[in-house]
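Me: I want the reasoning behind the labels. Can you set each value against its cut-off?

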Amino acid sequence: MFELRTDLKPKGDQAQAIKKLSEGVNRYRYQTLLGVTGSGKTFTIANVISKVNLPTLVISPNKILAAQLYLEFKDLFPENSVEYFVSFYDYFRPEAYIPEKDIFLEKKFELNETLELLKIKTIASLQERKDVIVVASVSCLYNIGKPSDFNEMGIYIEKGKRYDRREILEKLVDIQYSRNDFSPVHGSFRARGEIIEIFPPYSDKIYRIEFFDDEVEKISVLNPITRKGFSKDFVTIYPAKHYMVRKEKIERGIKRIKEDLERRLKELNTKNKLIEAQRLKERVNYDIEMLKTTGYCRGIENYSVYFEDRSPGEKPYTLLDYFPKDFLMVIDESHITLPQIKGMYKADRTRKAVLVRYGFRLPSCFENRPLKWEEFKKYMRKVIFMSATPGEYEYKVSRIVEQLVRPTGLLEPKITIKNPDMDDLVKRIKEKRKAIVITITKREAEKMADYLNENDIKTEYMHSETNTEERVEIIKNLRSGKIDCVVGINLLREGLDLPEVPLVAILHADKKGFLRTDTSLIQIMGRVSRNVEGEVILYAEKTTDPMKKAMREVERRRRIQEEFNKKHGITPETIKKKVYSGLAEKKISKKEEKILKLKEELKKAFEELDFVKAVEIREKIIDLERK
């Protein structure tokens with residue numbers, strides 16, 4: 001059962017929205033929560049989840065918004081399993097080839113251990129629990145491997161049953177756990193006498209298995225610091241990596257890879273593409289040798305079809321396959337998330353077609369892909385779209401539930417149109433103290449940040465090249481007052497919760513393009529609707545139709561709120577919201593912090609083969625853990 005923990009009560013028109021959406025989950029396939037910015041859409045959805053009691057997948061258009069929603073749901077459901085899923089497709093530059101310049105761009109990773117652990121934790125939670133909320137980016141539509149393969153690779157251990165202890169240790173190594181008899185780290189195990197301790201990457205607990213001869217006498221779940229915990233009758237240890245392939249499947253897969261390679265080489269040689277054929281032969285044979293030797297190769301996902309018993313063209317296995325059949329899907333900022341989902345397959349295939357044509361990949365790479373729109377729709381059985389500006393699709397297929405009144409009484413921001421004037425921009429930011437400035441290009445964002453810094457306004461820029469952790473840090477610094485202004489392009493439009501910011505300045509508001517449509521402008525304006533002093537300045541040389549349409553809609557919503565405030569005697573107040581420190585959001589004591597530092601030193605000592613120093617550090621850790 002989902003247990004919503006909060007002192008807040010539904011206010012404004014939240015109660016009617018919660019009632020309609022909850023009752024509608026089993027009556028309507030599609031519903032839309034049309035909620036203005038600052039009306040508490042997340043709180044409404046949390047209430048719906050607690051009432052319908054279904055495993056829930058929340059899909060967000062990007063990783064930064066997903067991180068924000070994850071932290072909010074984690075606060076609201078502390079006793080339930082709230083998970084964050086960001087695929088590696090979110091933090092890598094895919095390989096690509098530019099024929100015109102004969103430039104091959106290698107895959108570039110920004111691997112993040114914390115995100116990887118959260119991903120494995122998500123998959124493990126979905127295997128064991130029903131009270132699960134997963135907040136994911138659209139990358140959850142990419143292939144991540146067959147659920148049954150992940151389950152089969154797990155090790156099930158039951159109290160009172162007999163097991164070969166050595167066999168368990170070998171299986172742990174097979175599923176990518178490393179032995180570490182000195183210090184417990186995620187994804188490791190240690191064995192002493194008749195005791196095996198396992199520290200899975202997806203848990204903050206240690207599983208302690210105690211044997212008497214070959215029989216499991218006791219299974220304990222322990223806190224790694226205090227060593228306190230509780231007993232269990234059974235436990236399943238899931239793989240330390242989310243994409244695991246059994247040895248026998250690798251052997252069968254290699255045979256099929258060789259067959260496809262021979263076919264493709266014949267095609268290329270027949271077309272007199274000798275360079276492409278030689279390139280492909282060398283690359284694939286190298287990958288085959290790596291698979292034989294280590295069970296892994298760079299770009300293994302491009303061979304996934306051979307290991308998952310899928311036929312060419314058959315849909316891949318994604319995060320959605322790990323959910324039970326009856327689950328609730330929430331699509332956040334649906335007006336941009338749905339177009340993203342519809343376009344993902346085509347964009348992926350276009351890039352890979354060039355790689356195949358020029359001999360960088362076998363055609364099998366096409367099968368490592370995101371879901372097609374028609375495939376994704378089959379999972380859309382109980383869906384709530386969520387947006388302040390729903391698109392045509394949502395209006396066409398779904399029942400609309402409006403939430404236009406803010407419990408805080410906050411009004412839509414005042415809007416001013418001004419001629420472009422940088423001196424005026426500097427003056428207004430200094431008056432308001434905090435601001436968001438929206439530009440057209442990345443280069444302009446960087447130049448504007450430099451200009452504002454030169455004018456004594458502490459500014460950071462944020463665009464598509466800013467990685468996940470930097471984005472979270474920049475937003476935190478803006479909210480906490482370490483910086484005065486953030487300059488961006490379109491990443492600041494949807495869903496960013498910035499109640500402390502009273503000013504949005506939109507440069508080139510009269511430019512034509514999707515970033516200056518009426519929908520986009522309303523979304524941008526919404527960033528300051530959580531602040532009682534909220535104001536939007538449109539810097540433009542003329543007033544366009546999208547500008548007029550956006551201003552009319554904002555004025556309509558403002559009137560509705562004013563009437564509600566007058567009727568209920570409400571005085572608007574700026575929303576006060578917690579400033580999160582990061583994805584982990586976990587307080588640790590000074591002693592725990594010291595232990596973590598010592599563990600880093602211990603790891604370094606082992607790498608340098610300084611075992612004397614390692615023993616000394618280990619003794620300090622044991623002493624601190626006892627205390």
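The questions below cover surface patches, exposure and overall make-up.

Reply: This is a predicted model, where local features need pLDDT of at least 70, side-chain atom pairs count only at pLDDT 80 or more, and totals for chains, interfaces and linings use all residues. Residues are numbered from 1 along each chain as its sequence is written, and side-chain values use heavy atoms, with hydrogens and water left out.

Me: Why is Lys 613 called partly exposed?

Reply: Its relative accessible area is 41%. Buried means under 20%, exposed over 50%, and partly exposed in between (1.4 Å probe, protein chains only). So Lys 613 is partly exposed.

Me: Which residues gather with Lys 613 in a patch of positive charge?

Reply: Lys 594, Lys 604 and Lys 620 gather with Lys 613 on the surface. Helix H18 (590-607) and helix H19 (611-626) each give two or more residues to this patch. A patch takes residues with over 30% relative accessible area and no salt bridge (Lys or Arg side-chain nitrogen within 4 Å of an Asp or Glu carboxyl oxygen), and joins like charges within 9 Å. Lys 613 itself lies in helix H19.

Me: What makes Asp 174 partly exposed?

Reply: Asp 174 has a relative accessible area of 42%, so the label is partly exposed. Asp 174 sits in helix H6 (residues 165-174). It belongs to a surface patch of negative charge, with Asp 164, Glu 170, Glu 194, Asp 214 and Glu 217.

Me: How many of the 627 residues in the protein chain are buried, as a percentage?

Reply: Buried residues make up 55%.

Notes. Patch = residues over 30% accessible without salt bridge, like charges linked within 9 Å, V, L, I, M, F, W, Y side chains within 5 Å. Areas by Shrake-Rupley, 256 points an atom, 1.4 Å probe, with all protein chains shown as cover. Lys, Arg positive; Asp, Glu negative; His and termini not counted. Charge placed at Lys NZ, Arg CZ, Asp CG, Glu CD. Helix = DSSP H or I, 4+ residues; strand = E, 2+ residues; numbered from the N terminus.
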